[in-house]
Amino acid sequence: MFPLTSFLSIAAILLLCAYTLHKVRLIHLLLHDVRDQSQRENAGLFRQLEALQGLYTELGLKRSLPDTRGWAASPDFLLEMARHALSERPQLVVECSSGTSTLVLARCMQINGAGKVYSLEHDPAYARQARQQLARHGLSDWAEVLDAPLAAQDFGGSTWPWYVTDGLPGGADIDMLAIDGPPQATRALARYPAGPALFGRLSPGAAVFLDDARRPDEQEILRRWALQFPEMEQRQLNCEKGAAVLHYRPRA
Ligand SMILES: C[S@@+](CC[C@H](N)C(=O)[O-])C[C@H]1O[C@@H](n2cnc3c(N)ncnc32)[C@H](O)[C@@H]1O
């Protein structure tokens, strides 16, 4: 007769083995996930470094750019805008929010030998910083950072805090619009007003670049713009934070 205690011991050992195997399998799967994630992160980082190097090369910069992480636009988005600005040579560039993007676009104007950037900035401290950076790069003639506080404004029956745009030059059409503000925390769909406020001033063929398009808010903004402005062709760009470019194609 097989003693009961031996039977229980064997059962306990088998249970322990099964439990250990289960844990080992979980660790194995976790390690795979960690490896895949770190490969993805490395590939993403490498892509940003390539884009940053591309920017320095294509812009022939003699001085360093400020941050291109965190709040600043990422190198891949900046490079997309720089390539557009260098090939299409926009005359009037308007930007919602200032920073590294202002420098990049101003340098494109300088290389082109024509054009001007007007950057709407709601925060006076960041406006000052952007002006200092422009001066440090010798680019002050190519971009103007406008103090543009956010004021409650009505768009289609709802109120948004949106830039006071009085400082923008009147008359001329906008050839390129870069939208990277106001910050998301100011209101849900914070950047939606760029459409109703500025799309009516675009020149035919003008390009609009929207940063952070991976966020649900920006996706909803793009959906609203698609319905409201069918003459704006939309294309998603494969950038780190998601981005979209819209082209104004007026119907004949
Ligand atoms: C997404 S950031 C704009 C970045 C800008 N386009 C660039 O490329 O650097 C939007 C706004 O956040 C504010 N901002 C910029 N840097 C910030 C920081 N480090 N912390 C908090 N707010 C910041 C500024 O008022 C700016 O207009």
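## Helices and the model

Helices are here DSSP runs of H or I with at least four residues, numbered from the N terminus. The structure is a predicted model, and just after one of these helices, α2, R89 takes a positive phi of about 50°. Just after helix α1, G60 likewise takes a positive phi, of about 55°.

## Helix α1

Helix α1 has 56 residues, and the distance from its first C-alpha to its last is 82 Å, close to the 82 Å expected at 1.5 Å a residue. Of those 56 residues the number buried is 3, so α1 lies largely in the open. The buried residues of α1 are A51, L55 and L59, and what covers them includes α2 (75–88) and α3 (100–112). An α-helix has 3.6 residues a turn, so residues three or four places apart point the same way.

R47 also has its place in helix α1, which runs over residues 4–59. Because 16 other C-beta atoms lie within 10 Å of its own, where 20 or more would make a residue buried and 12 or fewer would make it exposed, R47 counts as partly exposed. Although R47 and C239 are 192 residues apart in sequence, they are 9.6 Å apart in space, C-alpha to C-alpha.

## Helix α2

The end C-alpha atoms of α2 are 20 Å apart, which agrees with the 20 Å that its 14 residues should span at 1.5 Å a residue. The buried residues of α2 are P75, D76, F77, L78, L79, E80, M81, A82 and A85, a list in which the charged residues D76 and E80 appear beside nonpolar ones such as F77 and L78.

## The nonpolar core

The largest nonpolar core has 57 residues, and those with the most contacts inside it are M81, A82, V104, L105, A106 and L177. Domain 1 (1–60) and domain 2 (64–248) both give residues to this core, so it lies between them. In soluble globular proteins, nonpolar side chains tend to be buried together.

M81 and A82 are also among the buried residues of α2. For A106, if its neighbours within four places in sequence are left aside, the residues in contact with it are V117, L134, L139, W142 and A143.

## The ligand shell

The ligand is surrounded by 15 residues, of which the closest are A72, A73, S97, G99 and S101. By the character of its residues, this shell divides into 5 nonpolar, 7 polar and 3 charged.

How values were computed: Residues numbered from 1 in each chain as written. Predicted model: local features only at pLDDT ≥ 70, side-chain atom pairs only at ≥ 80, totals over all residues. Core = buried A, V, L, I, M, F, W, Y, C linked by C-beta atoms within 7 Å. Domains from an automatic or database assignment. Contact = placed C-beta atoms within 7 Å. Near = placed C-beta within 6 Å. Helix = DSSP H or I, 4+ residues; strand = E, 2+ residues; numbered from the N terminus. Expected span 1.5 Å × (residues − 1).
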